[in-house]
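Ready for some practice in reading a protein model? Work through the exercises below with the structure open beside you, and try each task before you read its solution.

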Amino acid sequence: MKIKSISDIPNAIFYPLKSWAEQSTGNWNILIGVGFLLFMGSAIFAYVFYKKIGQDDERTNKIFLKSSYFMLWVIILCDMIFPKDYMWNVFFLFKYALAILAGGIYMAIQYKKDLS
């Protein structure tokens, strides 16, 4: 696939994934399964650090807002990178899994900093 413009970059990156996923239902199920595991793992990871950080107060509100800020940036970045023409639901799953993971990683870093 030749890249003619900037808008062709997501297609050049993700079209081979589409071709692989459409070869068989097993490949499609692997892709959905990995996305679902990533989503569930990210949600559990973020929830654990949400509980570890503690109750809402002035210190934790700042951490939670910054975590949401990073989640928003990941969603915006994924909207720019992931294609919208095909496999939209699969990329939707990966987009929010990565966003929750980014928020969880930020909370984990802040939790480790507070312990030091």
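## Exercise 1: A pair within one helix

Glu22 is exposed, with a relative accessible area of 51%. Keep in mind that this is a predicted model.

**Task.** Find out which side chain meets Glu22 in a salt bridge, and where the two residues lie.

**Solution.**
- Step 1: Start with the general idea. Side chains of opposite charge can pair when their charged atoms come close.
- Step 2: Look for the partner. The side chain of Lys18 forms a salt bridge with that of Glu22, at 3.6 Å from N to O.
- Step 3: Check the cut-off. A salt bridge needs these atoms within 4 Å, and the pair has 3.6 Å.
- Step 4: Place the pair. Both Glu22 and Lys18 belong to helix α1 (residues 9–23), 4 residues apart, about one turn of the helix.
- Step 5: Look at the cover. Lys18 counts as buried because its relative accessibility is 16%, and buried means under 20%.

## Exercise 2: Pairs between two helices

**Task.** A search of the whole structure finds 3 salt bridges. Work out which helices are tied together by the pair Lys95 and Asp79, and then do the like for Asp114 and Arg59.

**Solution.**
- Step 1: Take Lys95 and Asp79, whose side chains meet in a salt bridge of 2.8 Å, N to O. Lys95 is in helix α4 and Asp79 in helix α3, so this pair ties together parts that are 16 residues apart in sequence.
- Step 2: Compare their accessibility. Lys95 counts as buried at 9%, while Asp79 counts as partly exposed at 34%.
- Step 3: Turn to Asp114 and Arg59, with closest N and O atoms 2.7 Å apart in their salt bridge. Asp114 lies in helix α4 (residues 88–115) and Arg59 in helix α3, so the pair links parts 55 residues apart in sequence.
- Step 4: Add the accessibility. Asp114 is partly exposed at 42%, and Arg59 is partly exposed at 41%.

## Exercise 3: Two residues of one helix

**Task.** Decide whether Thr60 is buried or exposed, and find what its side chain reaches.

**Solution.**
- Step 1: Thr60 lies in helix α3. Its relative accessibility is 1%, so Thr60 counts as buried.
- Step 2: The side chain of Thr60 reaches the backbone oxygen of Gln55 at 2.7 Å.
- Step 3: For contrast, pick Phe70, also found in helix α3 (residues 58–81). Phe70 counts as partly exposed at 32%.
- Step 4: Phe70 helps to make a nonpolar surface patch of about 780 Å², along with residues including Leu72, Trp73 and Ile76.

How values were computed: Residues numbered from 1 in each chain as written. Predicted model: local features only at pLDDT ≥ 70, side-chain atom pairs only at ≥ 80, totals over all residues. Heavy atoms only, no water. Patch = residues over 30% accessible without salt bridge, like charges linked within 9 Å, V, L, I, M, F, W, Y side chains within 5 Å. Areas by Shrake-Rupley, 256 points an atom, 1.4 Å probe, with all protein chains shown as cover. Buried < 20%, exposed > 50% of the residue type's maximum accessible area, 1.4 Å probe, protein only. Polar contact = N/O pair within 3.5 Å; in protein donor to acceptor, adjacent residues only side chain to side chain.
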